[in-house]
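Here's a short set of exercises to work through with the model open next to you. Try each task before reading its solution.

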Amino acid sequence: MDNIHAPTIPSGPTSRPFTNGNVKQLSFAELQQKKDNMEAELKALGGVLDSHGVNMETPLITRDGFPRADLDIAQIRTTRSRIIYLKNDYKDLMNAIEKHLHEHFASLQAADDAASTTPSTNGATMMGDTLPETLEVPFAKVNSVVADSPAATAGLKAGDEIRNFGYVNKSNHDSLKKVAECVQGNEGQRVLVKVSRRADSSTQQGARQELQLYLTPRRDWGGRGLLGCHILPI
């Protein structure tokens with residue numbers, strides 16, 4: 001007799017194509033959406049097991065080898081199998097997302113290195129008048145910054161308008177949820193933040209500075225959160 005409490009498929013890498021298409025051909029936004037969908041389905045499937053009072057390891061047979069009469073064996077086995085498939089696909093998906101992020105930040109670093117070789121009267125962090133016309137539209141505004149926080153150390157100030165936060169911009173910030181995701185996924189690593197700041201000089205009333213800041217999210221700065229600032233969507 002088969003091991004009835006085992007899933008209907010073994011664990012380990014799947015031998016079938018990735019669910020709903022080749023993950024390598026998906027954009028970053030599509031990968032993020034697929035990740036959200038998978039997590040929602042895994043949560044729902046976990047709820048199915050919970051409703052039966054079992055988990056992935058709970059035996060489905062009695063001590064004398066008979067199927068337990070108090071459980072819906074077929075549904076539990078089907079649910080466990082789907083969970084294993086999804087977890088295997090989820091690993092592939094996260095690897096693809098990580099690759100996208102590495103490539104993205106590598107391109108940002110290369111662009112920054114190239115910019116640092118160009119003379120500038122305001123230093124490497126000032127983007128100045130040589131910026132291309134295709135600046136991202138600001139999607140968030142810094143409401144407050146805590147002294148000695150990672151945000152303050154990076155040079156972020158209240159009133160700054162955020163054009164880019166790592167890979168997050170106006171088109172994909174999802175009510176700032178992706179900013180939190182970017183921060184959590186890059187703890188201890190530099191994140192490029194592009195901001196627009198109103199010029200301080202009264203002679204430049206209405207003028208704005210375009211800045212590139214490097215912010216390193218961390219927990220050990222002595223305050224709450226990883227950044228020490230509060231931002232609001234625009």
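**Exercise 1. Place serine 175 and its neighbour in the loop.**
Is serine 175 buried or exposed, and what is the sign of its phi?

Solution. Start with the area: serine 175 has 58% relative accessibility, so it counts as exposed. The cut-offs are under 20% relative accessible area for buried, over 50% for exposed and partly exposed in between, with a 1.4 Å probe and protein chains only. Next, the backbone: phi of serine 175 is near 55°, which is positive although the residue is not glycine. Serine 175 sits in the loop between β2 and α4. Helices are DSSP runs of H or I with at least four residues, strands are runs of E with at least two, and both are numbered from the N terminus.

Now step on to leucine 176, which is in the loop between β2 and α4. Its phi is near 75°, again a positive value in a residue other than glycine. Leucine 176 is buried, because its relative accessible area is 14%.

Before going on, some ground rules. This is a predicted model, with residues numbered from 1 along each chain as its sequence is written. Local features need pLDDT of at least 70 and side-chain atom pairs count only at pLDDT 80 or more, while totals for chains, interfaces and linings use all residues; side-chain values use heavy atoms, leaving out hydrogens and water.

**Exercise 2. Find the buried side of α4.**
Which residues of α4 are buried, and what covers them?

Solution. The buried residues of α4 are Lys178, Val179, Cys182 and Val183. They span an arc of only 140° around the axis, so they lie on the same side of α4; the arc is taken over the directions from the helix axis to the C-beta atoms. The general rule behind this: an α-helix has 3.6 residues a turn, so residues three or four places apart point the same way. Turn the helix around and the face away from the buried side carries the exposed Lys177 and Gln184. The cover over the buried residues includes α1, β2, β3 and β5 (229–233).

**Exercise 3. Follow cysteine 182, then look for disulfides.**
Which residues does cysteine 182 touch beyond four places in sequence, and how many disulfides does a search of the whole structure find?

Solution. Cysteine 182 is in helix α4, and at 0% relative accessibility it counts as buried. Leaving out residues up to four places away, it touches Phe165, Gly166, Tyr167, Val168 and Val191, where contact means heavy atoms within 4.5 Å. The C-alpha atoms of cysteine 182 and glycine 166 are 7.0 Å apart, with their positions 16 residues apart along the chain. Cysteine 229 counts as partly exposed, because its relative accessibility is 23%. The disulfide search over the whole structure comes back with zero, using a cut-off of cysteine sulfur atoms within 2.5 Å.

**Exercise 4. Trace glutamine 32 out of its helix.**
Where is glutamine 32, and which residues does it touch beyond four places in sequence?

Solution. Glutamine 32 is in helix α1 (residues 28–51). Its relative accessibility is 5%, so it counts as buried. Its contacts, with residues up to four places away left out, are Ile97, Tyr167, Lys178 and Glu181. For isoleucine 97, 65 residues apart from glutamine 32 along the chain, the C-alpha separation is 7.7 Å.

**Exercise 5. Map the largest nonpolar core.**
Which members of the largest nonpolar core touch the most other members, and which element gives the most to this core?

Solution. A nonpolar core is a set of buried Ala, Val, Leu, Ile, Met, Phe, Trp, Tyr and Cys residues joined through side-chain atoms within 4.5 Å. The largest one has 44 residues, and Phe139, Ile162, Phe165 and Val179 touch the most other members. Elements giving two or more residues to this core include α1, α2 (73–116), β1 (140–145) and β2 (161–165). The top contributor is α2, with 10 residues.

**Exercise 6. Decide where to be careful.**
What is the mean pLDDT of the chain?

Solution. The mean is 81, and 77% of the residues reach 70 or more; pLDDT is the predictor's confidence in each residue, from 0 to 100. Over residues 5–21 the pLDDT is below 50, and this stretch has 32 contacts in the model beyond near neighbours in sequence. Residues 119–133 are also below 50, with 14 such contacts. Where pLDDT is low, the predicted coordinates should not be read in detail.
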